[in-house]
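Me: Please take a close look at the aromatic ring pairs in this model, and follow them into the parts of the fold around them. I would like the geometry stated with care, along with the burial of the residues concerned.

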Amino acid sequence: MIKFRRTARTLDLAIVYCAIRINNMESKEEAAKLQLLVDEYDEHLKAIRNQKFDRGTLKKDVIKGELIEKRINILEDAIKKMEIDDFDDFDPDNEKLIELFDLENFDDEIEDQKLFKRENFKHKKAQSEKSLLYQFEKELKNGNWKEMFENEKRIVIVLDNARTHISKIAKTVAKILNIKLIFLEKYASDINPIEWVWYAIKDKLSVLYVENEMFLIVEFSRYFYKYANSRSLVEKWLDTYIS
């Protein structure tokens with residue numbers, strides 16, 4: 001059984017495509033090679049996502065010290081550029097220099113710096129993940145993977161038009177893996193098989209008195225597995241849209 005991830009990013013989808021291909025390969029030796037590649041990138045992806053932000057850098061006194069030091073460095077550079085005679089003998093007193101700075105708006109600057117540090121950390125993680133995705137695509141393109149999968153039975157996957165699904169890299173990976181992607185029409189949720197399951201569950205839950213959150217979770221799970229495994233529901237969908 002292939003377990004789909006909660007995240008909906010392109011590299012996750014590419015790895016899922018690989019997992020589907022591995023489970024449907026006749027050559028177990030070639031499947032093992034692809035699995036090794038997937039495991040390698042999966043570990044790199046987990047390492048990136050498991051990086052924790054250092055909250056110690058957000059302390060007010062730490063940021064204030066960094067901002068003051070930055071201003072002192074700017075002032076010292078400015079004095080150097082003025083080519084003051086005997087500058088090497090000039091020893092600025094940091095406490096006196098600080099008195100020259102306008103510290104009234106420091107609280108606002110500190111808050112801005114906190115936000116910058118957080119967003120910069122998120123940006124670096126996103127960039128690392130994007131680089132890993134491009135590397136994964138490049139490795140599949142440059143190897144002899146495509147020739148390997150041409151001899152395997154073609155797989156067909158039906159998808160909606162989520163941004164990740166229609167991304168160029170996701171399509172490229174699918175093509176290399178000999179997977180044909182069929183996209184549903186836009187704004188036509190009724191032809192998506194899973195929507196029929198949601199409609200059936202909603203119909204049942206709408207007449208129930210929900211005692212608490214756990215009651216709702218249990219009842220939802222019960223109906224989900226009932227309808228998701230319903231042969232009659234699948235056959236009805238096939239008769240309506242495929243036959």
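Reply: What follows begins with the ring pairs and then turns to a helix and a pocket.

The model is a predicted one, and within it the count of aromatic pairs comes to eight. One of them is formed by Tyr41 and Phe136, whose ring centres are 5.0 Å apart and whose planes meet at 70°; since an angle over 60 degrees counts as edge-to-face, that is the class to which the pair of Tyr41 and Phe136 belongs. Tyr41 lies in helix α2 (residues 28-49) and Phe136 in helix α5 (residues 106-142), so this contact ties together parts that are 95 residues apart in sequence. Tyr41 has 0% relative accessibility and therefore counts as buried, and Phe136, also at 0%, counts as buried too.

A second pair to consider is that of Phe224 and Tyr225, where the centres are 5.3 Å apart and the planes stand at 80°, so that this pair is edge-to-face as well. Phe224 is partly exposed, with a relative accessible area of 23%, whereas Tyr225 is exposed, at 54%. Ring pairs also join these two residues with Trp198 and Phe220 into a cluster. A contact of another kind involves Arg222, whose charged end sits over the ring of Tyr223 at 4.5 Å from the ring centre.

Helix α5, which carries Phe136, has 37 residues and spans 52 Å from its first C-alpha to its last, close to the 54 Å expected at 1.5 Å a residue. The buried residues of α5 include, besides Phe136, the nonpolar Phe106, Ile110, Leu132, Leu133 and Leu140, but Lys114, Lys117, Lys125, Glu129 and Glu137, which count as charged, are buried there too.

Turning to the open space in the model, the largest pocket holds about 740 Å³. Its lining is made up of 20 residues, and those closest to the pocket centre are Val158, Asn192, Pro193, Ile194 and Val197. Two or more lining residues come from each of β1 (155-159), α8 (193-205), α9 (213-228) and α10 (231-241), with α8 giving the largest share, five residues. By residue class, the lining of the largest pocket divides into 16 nonpolar, three polar and one charged.

Terms used
Residues are numbered from 1 along each chain as its sequence is written. This is a predicted model: local features need pLDDT of at least 70, side-chain atom pairs count only at pLDDT 80 or more; totals for chains, interfaces and linings use all residues. Side-chain values use heavy atoms; hydrogens and water are left out. Rings of Phe, Tyr and Trp (its six-membered ring) pair if their centres lie within 6.5 Å; planes under 30 degrees apart count as stacked, over 60 as edge-to-face and the rest as tilted. Helices (H or I, at least four residues) and strands (E, at least two) are DSSP runs, numbered from the N terminus. Buried means under 20% relative accessible area, exposed over 50%, partly exposed in between (1.4 Å probe, protein chains only). A charge sits over a ring if NZ of Lys or CZ of Arg is within 6 Å of the ring centre and within 35 degrees of the ring normal. On a 1 Å grid over the protein atoms alone, a cavity is a set of points where a 1.4 Å probe fits but cannot get out, and a pocket is an open set with protein on both sides within 12 Å along at least five of seven lines; lining residues have an atom within 4 Å of a point. Grid points are joined across faces, edges and corners, and a volume is the space filled by probe spheres set on the points. The expected span of a helix is 1.5 Å times one less than its number of residues.
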